[in-house]
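Let us take a walk through this protein together, with the sequence and the 3D view side by side. Please keep the viewer open as you read, so that each stop can be found by its residue numbers.

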Amino acid sequence: MKKIISVVIVVAVLVGVLTVTPSPAEASTFNYGEALQKSIMFYEFQMSGKLPDNLRTNWRGDSCLDDGSDVGLDLTGGWFDAGDHIKFNLPMSYTSTMLAWAVYEYKDALERSGQLPYIKQQIRWATEYFIKCHPEKYVYYYQVGDGITDHRWWVPAEVIHLQSVRKSHKVTLDSPGSAVVAGTAAALASAAIVFQDSDPAYAALCLKHAKDLFDFADRTQSDAGYTAANNYYDSWSGFWDELSWAGVWIYMASGEKAFLDKAESYVANWNREERTNLLAYKWGHCWDDVMYGASLLLAKATNKSIYKEHVERHLDYWSVGYNGERITYTPKGLAHLFVWGVLRHATTTAFLASVYSDWSECPPAKAKTYMDFAKQQVDYALGSSGRSYVVGFGVNPPQHPHHRTAHSSWIDTMEEPSYHRHVLYGALVGGPNQSDAYVDDIGDYITNEVACDYNAGFVGALAKMYDVYGGDPIPGFNAIEEVPYPEIYVTASLSSRTTATEVKAFLINKSGWPARVKDTLSFKYFVDLTDFINAGHSPNEITSSIIYSAAPTAKITGPIAYDTSKNIYYFELDLKGTAIFPGSRMDHQKEVQFHIVPPNGAPWNIPTDPSYPGTLSADEPVPQIPVYDNGVLLFGLEPDGSTPQPTTPPTTTPPTTTPPTTTTPTPQPAIMAGDINGDGLINSTDYILLRRYILEVTPSLPTTDVSGNPYRGDLAADLNGDGLIDSIDVILMRRYILEIITVFPVNQ
């Protein structure tokens with residue numbers, strides 16, 4: 001569901017309600033540097049396509065690499081719109097322009113905060129995509145994906161291409177879309193300004209496409225062909241505002257007055273307040289209506305009273321009121337325009353207020369009023385009401401934003417897991433109602449969805465707050481998360497037969513760091529044939545077969561020798577060719593039932609098999625049945641103690657070189673591997689603590705020893721030294737207690 005705005009609702013909401021506005025805080029109460037840092041990082045989580053190596057997270061991966069293939073083009077890249085995975089170019093181009101505007105106004109602040117390289121990288125990511133979408137002068141692809149089919153699936157971005165149609169939609173001279181085309185022209189022109197010093201060749205390319213797109217939009221002056229986004233991002237305000245917006249940005253990038261003249265020529269067609277000749281001033285600058293930002297830029301470019309009066313009328317209405325009317329305020333001080341994305345509107349208007357107050361032509365008294373308003377709205381988003389509305393920032397931030405990839409369900413439902421597997425740092429949620437009431441509910445896409453355009457003006461407003469009040473970005477901050485449990489594994493149960501081995505196994509993919517499609521998986525079931533061979537039998541006498549498989553490509557081979565000195569053999573279950581991915585109940589797991597049958601009367605000692613699952617519950621990972629990806633051990637424990645090689649965390653090198661941050665490590669008390677409760681012993685108590693943690697019965701391992709002193713039970717639990725605490729460690733602990741092994745791999 002998206003921003004479905006009807007004219008009736010708009011008219012109703014535009015009725016101002018006078019309230020008493022709480023006075024803004026006199027001094028900074030929030031870390032604006034950290035908030036700015038995280039608000040820009042949010043866009044890294046929205047990136048589509050082949051991701052760069054310096055991404056600061058390990059839970060996003062490449063996605064939608066076939067975008068554009070339906071029309072024979074490469075339309076990969078860009079940003080996913082919100083908590084879904086459609087690429088809507090109208091709000092995307094608006095977002096890119098707003099980020100560029102933030103750089104244009106507050107470049108020094110962004111540079112001092114260390115965030116300039118990151119915001120420039122995101123602007124380039126979006127604009128390179130727009131250039132791909134413009135293969136011919138009068139052809140522009142404005143959308144990839146379909147709202148209806150995309151919203152059917154609650155899956156991570158990395159697997160959406162397997163579930164939803166990724167159709168490409170275009171406008172042409174015969175089927176035009178002036179609003180989205182002009183909006184993209186503005187994005188590219190503003191990017192030309194951002195890159196004119198650091199990469200003049202790219203700036204020139206952006207400006208060329210901007211001019212061609214502007215000509216396209218101006219020549220057609222129609223949105224008749226812009227239909228695929230209906231009921232999601234309709235251009236309710238029309239296209240005249242985008243034409244002015246594009247014209248003034250191209251003028252600023254090129255210095256060519258003809259574009260300024262064009263921008264002004266459309267003003268006569270801008271929307272007016274009902275029953276007046278006044279330019280509309282009661283709404284807000286947003287992806288649909290960029291008239292307010294265009295007016296502000298025209299005021300600074302021309303110094304004409306028509307634009308200055310319009311901007312001040314608009315900002316007065318939002319702050320102290322105009323002509324006896326003012327926007328509704330919540331009891332705790334949020335300017336509340338509209339139920340959908342209320343914080344987006346308030347913080348974007350705060351950005352406009354900041355920019356206008358900085359202008360020398362803004363009356364000093366008004367400048368102070370506008371800055372007080374801007375700070376008040378930004379502070380509300382950051383927590384002045386008692387809670388933060390920015391994920392991963394401040395006091396009591398949202399934990400359950402309406403965002404598929406951050407939630408990371410493997411079975412296509414908001415209900416599982418019951419928590420978000422990832423922190424969507426920096427995302428501004430929709431926000432509360434007019435009474436400041438808010439429920440942190442994943443299913444509430446009105447108050448708890450996030451979107452690229454929600455953060456767009458917010459970033460600029462935060463840059464201004466940082467410029468004035470300061471704050472400290474977190475050195476080396478990233479969103480690289482520890483993988484808390486196995487992502488790909490086997491569960492298994494055995495029949496009660498004692499004369500043959502009958503296994504019911506599920507190969508499961510719950511990957512989320514990042515979500516991954518796997519079609520090259522296999523697993524091995526190890527058997528101990530000592531009794532069988534000592535009785536004079538040969539392994540060649542054993543037969544095996546698959547009696548049922550949900551994977552059509554599954555096959556079984558074996559027995560295959562593993563360690564003949566110990567009579568250890570294995571049977572390989574090969575599922576290569578079947579895609580297993582976290583996409584639904586059916587897609588994330590494939591059941592395989594197989595038989596291993598000796599000759600009649602031959603001794604068959606099932607409990608001695610290295611892969612014997614014992615009394616593990618049916619849904620518990622079985623490390624002793626290891627999983628392989630293209631033959632490489634991915635999960636589990638082979639009979640000789642081999643475990644998967646630890647994965648290398650992704651690099652987080654920023655787009656440009658920054659001084660390294662050094663920290664002094666905190667001394668840790670002596671930790672004995674296996675002694676999870678810190679009592680100096682390794683026994684069944686430690687085993688129970690570890691197993692309850694893996695099964696998520698308890699949320700954490702002990703942080704104090706039995707005497708109450710600080711202790712790291714989590715360090716003691718990593719028995720194979722791979723940096724993870726998982727079912728492999730449980731098996732190692734059980735083998736140690738049963739005296740099957742006498743030392744843990746981490747100590748070898």
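Tyr129 is a good place to begin: this residue is buried, and Phe130 is buried as well. What you have in front of you is a predicted model, so a word on confidence belongs here too, as pLDDT is the predictor's confidence in each residue. The protein chain has an average pLDDT of 91, and 93% of the residues reach a score of at least 70. Two stretches call for some care. Across residues 1–26 the pLDDT is below 50, and in the model this stretch makes 62 contacts beyond near neighbours in sequence. Residues 657–668 also have a pLDDT below 50, with 3 contacts of that kind in the model.

Now back to the aromatic rings. Searching the whole structure turns up 38 aromatic pairs. How are the rings of Tyr129 and Phe130 placed relative to each other? Their centres are 6.0 Å apart and their planes meet at 50°, so this pair counts as tilted. Another tilted pair is made by Phe523 and Phe594, with 6.3 Å from centre to centre and 50° between the planes. This pair ties together distant parts of the chain, since Phe523 sits in strand β6 (residues 521–528) and Phe594 in strand β10 (residues 589–597), 71 residues apart. Both Phe523 and Phe594 are buried.

Rings also gather in a cluster: Trp101, Tyr104, Tyr106, Trp245, Trp249 and Phe351 are linked by ring pairs. Elsewhere, arginines lie over ring faces. Arg56 is placed over the face of Tyr118, 3.6 Å from the ring centre, and Arg124 over the face of Phe195, 5.8 Å from the ring centre.

Tyr118 leads us on to Ile40, because the two residues are in contact, heavy atoms within 4.5 Å being the criterion. You will find Ile40 in helix α2 (residues 32–45). Is Ile40 buried or exposed? With a relative accessibility of 2%, Ile40 counts as buried. Apart from neighbours within four places in sequence, the contacts of Ile40 are Leu110, Gln115, Tyr118, Ile119 and Val459. Ala427 is 387 residues away from Ile40 in sequence, yet the C-alpha atoms of the two are 8.9 Å apart in space.

Our last stop is a sheet, and strand β6, the home of Phe523, belongs to it. This open sheet has 5 strands in the order β8-β9-β6-β11-β12, and the pairing is antiparallel. Which strands form the edges? They are β8 (555–563) and β12 (632–635), each of which pairs on one side only. On average, neighbouring strands of this sheet are turned by 35° against each other, direction ignored.

Look at the β8 side of the sheet to begin with. There, 6 bridges pair β8 with strand β9 (residues 568–574) in the antiparallel sense. Ile556 has Leu573 of β9 as its bridge partner. The hairpin of β8 and β9 has 4 residues between the strands, and Asn567 takes a positive phi near 60° there.

At the other edge, strand β11 (residues 627–629) is joined to β12 by 3 bridges, and these strands run antiparallel. Asp629 has its bridge partner in β12, namely Val632. With that, the tour has passed from the rings by way of Ile40 to the sheet.

How values were computed. Residues are numbered from 1 along each chain as its sequence is written. This is a predicted model: local features need pLDDT of at least 70, side-chain atom pairs count only at pLDDT 80 or more; totals for chains, interfaces and linings use all residues. Side-chain values use heavy atoms; hydrogens and water are left out. pLDDT is the predictor's confidence in each residue, from 0 to 100. Two strands pair if DSSP finds at least two bridges between them. Helices (H or I, at least four residues) and strands (E, at least two) are DSSP runs, numbered from the N terminus. Axes are lines fitted to C-alpha atoms, for helices over the stretch in contact, and angles run from 0 to 180 degrees between N-to-C directions. Rings of Phe, Tyr and Trp (its six-membered ring) pair if their centres lie within 6.5 Å; planes under 30 degrees apart count as stacked, over 60 as edge-to-face and the rest as tilted. Buried means under 20% relative accessible area, exposed over 50%, partly exposed in between (1.4 Å probe, protein chains only). A charge sits over a ring if NZ of Lys or CZ of Arg is within 6 Å of the ring centre and within 35 degrees of the ring normal.
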